Amino acid sequence: MILPLVAIGAVYGGFRAMSTAGCSGTVRLSVAASPEIAPAIKDAATRWLKTEPRVGNECVAVDVTPVAAAEVAAAIAGESGAKLSGVGQADGKTQVPHVWIPDSSLWLQRMRAARGDLVPQVAPSLARSPIVLAVPEPTAKSLGWLENKLTWKQVLDQIVGDTRINPGIVDPNRDSVGVSTMVAMASVRDQFGAEGDALTVGAVKALTTGKSEQPSGLLARFPRDADPRTLSTAVTLAPLSEQALHAYNAAGPAVPLIAVYPDPAPIALDFPFAAMPRLSPNRAAAAEQFRSVLTGNDFRNLLAAHHLRANDGSVGVGMTLGPSAASSGGVTPVPDPAVISKALQMWVEITQPSRMLAVLDVSPAMKAQVPGAGVPKQQVALQAAVGGLDLFPDSWAVGLWSFSTGHHELVPIGPLTAQRDQLRGAIGGLKTDTKGSSGLYDTILAAYKTVQQGWDGGRGNSVVVITGGRNTSGSLSLDALVSSLQKVENPDQPVQIIVIGIGSEVNQAEMQKIVDATGGAVFVATDPSKIGDIFMKALALDDGR
């Protein structure tokens with residue numbers, strides 16, 4: 001059953017028809033609207049209710065509540081027992097409204113991915129606010145960004161390589177602007193291969209240093225004055241909605257923000273009108289009547305008063321657009337749920353704190369060349385390990401083993417902030433053991449137990465094995481290893497095994513039996529140029545779940 005909305009903070013509530021004469025009852029419509037558009041929705045409701053709308057013989061009442069989209073999404077998912085990744089549990093105060101107006105259709109796509117019947121399949125957009133890169137005016141001048149159009153690759157190059165930029169972002173798991181930004185950044189990663197991968201990882205890592213949980217927290221980190229010391233420590237670039245930037249500047253800050261419109265345009269906020277499924281016929285009719293008045297010139301002017309464009313991109317009285325805004329390109333459509341999920345997973349895979357033991361094969365099998373590549377497996381493995389180390393965030397804890405006939409601890413599991421250089425040096429010093437053999441199975445079991453003994457509930461816990469051959473020595477057979485892993489596994493303290501095989505000698509079916517015992521994945525790289533992509537896939541799994 002759909003429950004009436006309980007207010008969080010102020011409620012624009014109780015808007016009733018002016019007269020109830022002749023009404024047989026009241027159809028009450030609860031509307032949860034994102035705070036950016038809630039005032040305009042409230043004003044439209046006030047005007048509409050003065051016309052005494054009715055459904056049959058019943059009068060209409062409308063309650064409008066400004067509430068963040070993430071809170072409503074959590075309430076909808078919680079009421080239905082669905083899981084919405086990254087949003088967290090419902091706060092216990094927000095209930096499911098009859099009409100939901102989130103800031104973006106991205107939320108509806110995420111809800112549909114969780115379960116197909118949580119939100120309507122059709123939800124017309126009411127307004128538009130493009131996503132911009134907000135840059136303090138002094139920084140924009142020094143970068144030459146006042147008039148220039150920038151591609152996303154140029155933006156990421158600057159984020160990674162320019163010390164004048166201190167980026168920030170609101171957690172994309174709970175913020176539409178953040179999701180839109182991740183989708184745009186993921187396109188760079190897809191388009192430019194290894195270079196795009198490195199740029200995207202570097203930019204996401206930089207953004208996390210200025211991450212905020214709420215938009216208000218991010219806005220508070222912009223500079224309050226233009227002296228060099230303040231600019232060096234404040235946020236000097238962050239994705240915002242055009243509406244948020246205009247509202248910030250309207251307050252008269254000492255350092256105004258400049259809007260940079262990147263190309264291609266990120267997915268704009270569009271404020272869809274979502275009449276929730278399973279409404280009663282009268283309530284559904286009231287919702288449709290209300291939606292019909294949220295159009296036209298009058299509503300366009302109400303939107304303009306709150307720095308929002310109409311759905312077609314035009315602006316009402318009192319709102320002006322600069323030249324760069326007016327020529328900011330086309331509208332990027334809301335993508336499929338799979339694209340959104342992939343972009344959010346990219347954020348998770350780079351920022352999720354993890355505790356990992358890396359285990360590198362130095363057995364004689366690593367002397368062999370990768371077929372068709374002309375380089376030894378050992379060289380590919382070491383390059384992959386060093387490249388992966390550069391991708392790991394400082395929040396991770398990482399240790400390093402090598403193995404041939406037996407295994408050797410080179411660096412114990414510890415925080416990367418304290419031992420990144422030590423790990424890099426240990427990897428660089430590894431040599432192939434030309435006289436040994438491969439105790440792969442014994443090593444995997446020992447590594448698993450080591451990670452399990454120090455299990456950390458605040459992190460993903462994993463063993464990542466890079467190998468180029470098969471088990472040729474040791475006390476365990478494949479079946480014995482699988483049986484031993486099943487015996488020591490603790491479902492309440494999961495440890496994943498991720499195997500990265502190099503070359504065709506790695507038996508993927510055997511490795512799959514091992515990871516099936518504990519959870520994890522097997523990746524086999526027959527092409528050394530793909531090892532970077534494989535490492536990123538492994539990172540995506542490395543959250544211990």
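## A guided tour of the predicted model

A search of the whole structure, which is a predicted model, finds 3 aromatic pairs. Begin by selecting Trp 48 and Phe 290. Their ring centres lie 5.3 Å apart and their planes meet at 25°, so the pair is stacked; the cut-off for stacking is an angle under 30 degrees. Trp 48 belongs to helix α1 (residues 38-49) and Phe 290 to helix α11 (residues 281-292), so that the contact links distant parts of the chain, 242 residues apart.

Keep Phe 290 selected and add Phe 273. Here the ring centres are 6.4 Å apart and the planes stand at 65°, so this pair is edge-to-face. Phe 273 is found in the loop between β11 (257-260) and β12 (274-275), while Phe 290 is in helix α11; 17 residues separate the two. Display Trp 48, Phe 273 and Phe 290 together, as ring pairs link these residues into a cluster.

Are the members of this cluster buried or exposed? Trp 48 is buried, with a relative accessible area of 9%. Phe 273 is likewise buried, at 3%, and Phe 290 is buried at 0%.

### The whole chain

Zoom out to view the protein chain as a cartoon. The chain contains 20 helices and 19 strands. Its C-alpha trace spans about 95 × 55 × 40 Å along the principal axes. Of the 545 residues in the chain, 53% are buried.

### Helix α5 and Phe 192

Next, select Lys 153, Asp 157 and Phe 192. Which ring lies under the charged end of Lys 153? The charged end of Lys 153 sits over the ring of Phe 192, 5.5 Å from the ring centre. Lys 153 also meets Asp 157 in a salt bridge, with an N to O distance of 3.4 Å. Both Lys 153 and Asp 157 lie in helix α5 (residues 152-161), 4 residues apart, which is about one turn of the helix.

Colour these two side chains by accessibility. Lys 153 has a relative accessible area of 19% and is buried, since the cut-off for buried is under 20%. Asp 157, at 32%, counts as partly exposed.

### Further salt bridges

The structure holds 15 salt bridges. Side chains of opposite charge can pair when their charged atoms come close.

Select Glu 242 and Arg 309 to see one of them. The closest N and O atoms of Glu 242 and Arg 309 are 2.7 Å apart. Glu 242 lies in helix α10 (residues 242-250) and Arg 309 in strand β13 (residues 309-310), so the salt bridge ties together parts that are 67 residues apart in sequence. Glu 242 is buried, with a relative accessible area of 1%, and Arg 309 is buried as well, at 6%.

Now move to Arg 115 and Asp 117. Their side chains meet in a salt bridge of 2.7 Å, N to O. Arg 115 is partly exposed, with a relative accessible area of 33%, and Asp 117 is partly exposed at 34%. Add Arg 278 to the selection: Arg 115, Asp 117 and Arg 278 are linked in a network of salt bridges. In accessibility, the Arg 115 and Asp 117 pair is partly exposed, whereas Glu 242 and Arg 309 are buried.

### The largest cavity

For the last stop, turn on a cavity display. The structure holds 3 cavities of 30 Å³ or more, and the largest has a volume of about 120 Å³.

Which residues lie nearest the centre of the largest cavity? Select Met 356, Ala 358, Ala 385, Phe 392 and Ile 427, which lie nearest the centre among the 15 residues of the lining.

To see how the wall is assembled, colour β14 (354-361), α15 (377-391), β15 (397-403), α16 (416-428) and β17 (460-467), the elements that give two or more residues to the lining of the largest cavity. Strand β14 gives the most, with 4 residues. Finally, colour the lining by residue class: 14 of its residues are nonpolar, 1 is polar and none is charged.

Key
Residues are numbered from 1 along each chain as its sequence is written. This is a predicted model: local features need pLDDT of at least 70, side-chain atom pairs count only at pLDDT 80 or more; totals for chains, interfaces and linings use all residues. Side-chain values use heavy atoms; hydrogens and water are left out. Rings of Phe, Tyr and Trp (its six-membered ring) pair if their centres lie within 6.5 Å; planes under 30 degrees apart count as stacked, over 60 as edge-to-face and the rest as tilted. Buried means under 20% relative accessible area, exposed over 50%, partly exposed in between (1.4 Å probe, protein chains only). A charge sits over a ring if NZ of Lys or CZ of Arg is within 6 Å of the ring centre and within 35 degrees of the ring normal. On a 1 Å grid over the protein atoms alone, a cavity is a set of points where a 1.4 Å probe fits but cannot get out, and a pocket is an open set with protein on both sides within 12 Å along at least five of seven lines; lining residues have an atom within 4 Å of a point. Grid points are joined across faces, edges and corners, and a volume is the space filled by probe spheres set on the points. Ala, Val, Leu, Ile, Met, Phe, Trp, Tyr, Cys and Pro count as nonpolar, Asp, Glu, Lys and Arg as charged, and the others, Gly among them, as polar. A salt bridge is a side-chain nitrogen of Lys or Arg within 4 Å of a carboxyl oxygen of Asp or Glu.
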